[in-house]
Amino acid sequence: MMKVRGMMIISFLVLSGLIKAQETISAEFQSDAWEIQAKKHQFKKYKGQQALYLENGKARLKNSSFKEGIIEYDVSFTGKRNFVGVHFRIQDTLNYEEYYLRPHQSGNEDSMQYTPVINGDAGWQLYTGEGHWAAFAYRFGEWMHVKLNVSGGRMDVFIDDMETPILHVDELKLKPTAGALGFGTFLGDAYYANLSYRELENPALVTTTTKTRVAEKGTILDWEVSNAFASEKIKSILALSDLDLGTYRKIKPEPSGTVNLSTVSPISEATNTVVARFSVQSDSDQIKELQFGYSDIVTVFVNGTPVYSGNNSFRTRDYRYLGSLGYFDAIYLNLKKGANEIAFAVTERMGGWGIKAKMVRD
């Protein structure tokens with residue numbers, strides 16, 4: 001009898017834990033529930049709901065913890081240029097996942113975007129197209145309901161229609177770790193209301209097919225990276241050996257071949273540049289084509305000698321140019337027989353710090 005009672009108590013405790021883990025938590029929209037850094041904010045009634053008005057800033061919900069499950073909220077904004085985000089798995093002020101809406105791009109394929117924020121650097125230039133962007137026509141000045149279904153490293157996003165996801169993210173970039181929840185606006189304002197979240201272990205997604213990003217043939221996968229330094233040092237050198245970069249360390253690219261350099265260091269005037277390098281073993285003296293992409297500014301060195309420089313920054317090529325990372329540039333490597341070092345001094349300005357390269361085979 002005692003054994004049966006003990007088993008009943010254990011079962012009750014386990015069931016209680018599961019119920020607690022799956023309960024929906026609703027946020028209170030009042031000042032003592034939030035930590036806010038913004039140009040302007042206010043808690044007020046808006047279109048029938050208690051809401052947070054947030055202008056050009058961030059708001060973090062105190063005592064919140066979310067790893068995977070469902071996040072829901074209402075949002076309203078105008079059609080002016082703005083970036084209206086929700087942040088989740090917040091580890092600190094510099095590291096979190098972000099999904100945001102672009103009101104000024106309503107109806108366009110990049111009207112919304114997912115990006116990780118790593119060491120304070122949002123990587124939207126590195127993560128574009130399918131799996132990161134989606135088109136949606138917003139209803140300005142009205143409440144829209146948003147739901148994020150987050151499962152491990154994947155996510156479905158819904159707006160108004162809670163049955164059909166508008167965006168599927170097949171590769172969330174940060175490690176699935178519990179963190180806080182919050183909102184953020186940049187260059188504009190928005191109203192938020194009805195935030196709720198529920199923790200679920202491995203929740204089912206509507207999108208069952210996932211596009212696996214794999215490296216193209218010839219992609220460079222073995223990289224080393226220096227410590228970060230000031231970009232001013234590059235301008236005055238004629239050889240890579242003129243820089244005292246200390247010890248390099250290995251850096252792992254993503255499955256696609258993209259190397260997110262934001263993992264190396266937070267960005268500042270003194271730490272906005274790194275050298276990323278790899279080695280090519282050639283069986284003879286020959287010329288080979290190397291295609292590459294970078295964000296934002298680069299100088300390329302072959303065996304220590306500079307051979308190329310370029311600027312791929314936001315709006316450098318025309319007023320709509322995004323500076324996205326892709327295989328948009330190429331050089332012809334004059335390889336000597338034996339080992340050859342190819343090095344990229346990459347400077348970050350904003351929107352993503354990255355490099356990728358592939359050898360074009362015969």
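The following paragraphs describe a predicted model of a protein chain, moving from the confidence of the prediction to its strands, cores and charged pairs.

Across the protein chain the pLDDT averages 92, and 94% of the residues score at least 70. The stretch formed by residues 1-20 has a pLDDT below 50, and beyond near neighbours in sequence this stretch makes zero contacts in the model. Where pLDDT is low, the predicted coordinates should not be read in detail.

Strand 6, which covers residues 95-101, is mostly covered, with seven of its seven residues buried. The burial extends to both faces of the strand, since Asn95, Glu97, Tyr99 and Leu101 are buried on one side, while Tyr96, Glu98 and Tyr100 are buried on the other. Strand 6 is also paired with strands that precede and follow it in the numbering. With strand 5 (residues 83-92) the pairing is antiparallel and extends over six bridges, and within this pair glycine 85 stands opposite tyrosine 100 of strand 6. Two residues lie between strand 5 and strand 6, and the two strands form a hairpin. Strand 7 (residues 112-118) likewise runs antiparallel to strand 6 and is joined to it by six bridges; here tyrosine 96 has valine 117 in strand 7 as its bridge partner.

Tyr99, which was listed above among the buried residues of strand 6, appears again in the description of the nonpolar cores. The largest nonpolar core has 40 residues, and those with the most contacts inside it are Trp34, Tyr73, Val75, Tyr99, Leu148 and Met155. Strand 13 gives the most to this core, contributing six residues. When neighbours within four places in sequence are left aside, leucine 148 is in contact with Gly69, Ile70, Ile71, Tyr73, Val86, Phe88, Tyr99, Met155, Asp156 and Val157. A second core, separate from the largest one, has 28 residues and includes Ile220, Phe278, Val280 and Leu333. In soluble globular proteins, nonpolar side chains tend to be buried together.

Another part of the model contains an open sheet of four strands, which are arranged in the order 16-23-18-21 with antiparallel pairing. Strand 16 (259-260) and strand 21 (329-335) stand at the edges of this sheet, and each has a single partner strand, so one side of each is left without a neighbour in the sheet. Within the same order, strand 18 (residues 286-295) and strand 23 (residues 354-359) run antiparallel and are joined by six bridges, with leucine 290 having methionine 359 of strand 23 as its bridge partner.

Serine 282 is located in strand 17, which comprises residues 273-282. With a relative accessible area of 5%, serine 282 is buried, because this value is under the 20% cut-off. Not counting residues up to four places away in sequence, serine 282 touches Leu335, Lys336, Lys337, Gly338 and Asn340. The side chain of serine 282 is also joined to that of glutamine 286 by a polar contact of 2.8 Å. By contrast, the C-alpha atoms of serine 282 and glutamine 91, which are 191 residues apart along the chain, are separated by 44 Å.

Side chains of opposite charge can pair when their charged atoms come close. The structure holds ten salt bridges. One of them links lysine 358 with glutamate 216, the closest N and O atoms being 2.4 Å apart. This pair links distant parts of the chain, as lysine 358 lies in strand 23 and glutamate 216 in the loop between strand 13 (180-199) and strand 14 (223-225), 142 residues apart. Lysine 358 is buried, with a relative accessible area of 13%, whereas glutamate 216 is partly exposed, with a relative accessible area of 43%.

A further salt bridge joins lysine 173 to glutamate 171, with the closest N and O atoms 2.8 Å apart, and glutamate 171 counts as buried at 17% relative accessibility. In the salt bridge between glutamate 232 and lysine 235, the closest N and O atoms are 3.1 Å apart. Both residues of that pair, glutamate 232 and lysine 235, lie in helix 2 (residues 232-235), where they are three residues apart, or about one turn of the helix, and both glutamate 232 and lysine 235 are exposed. Elsewhere, salt bridges that share partners join Arg139, Glu142 and Asp160 into one network.

How values were computed
Residues are numbered from 1 along each chain as its sequence is written. This is a predicted model: local features need pLDDT of at least 70, side-chain atom pairs count only at pLDDT 80 or more; totals for chains, interfaces and linings use all residues. Side-chain values use heavy atoms; hydrogens and water are left out. Two strands pair if DSSP finds at least two bridges between them. A salt bridge is a side-chain nitrogen of Lys or Arg within 4 Å of a carboxyl oxygen of Asp or Glu. Buried means under 20% relative accessible area, exposed over 50%, partly exposed in between (1.4 Å probe, protein chains only). pLDDT is the predictor's confidence in each residue, from 0 to 100. Contact means heavy atoms within 4.5 Å. A polar contact is a pair of N or O atoms within 3.5 Å; within protein, one must be able to donate a hydrogen and the other to accept it, and residues adjacent in sequence count only if both atoms are side-chain atoms. A nonpolar core is a set of buried Ala, Val, Leu, Ile, Met, Phe, Trp, Tyr and Cys residues joined through side-chain atoms within 4.5 Å.
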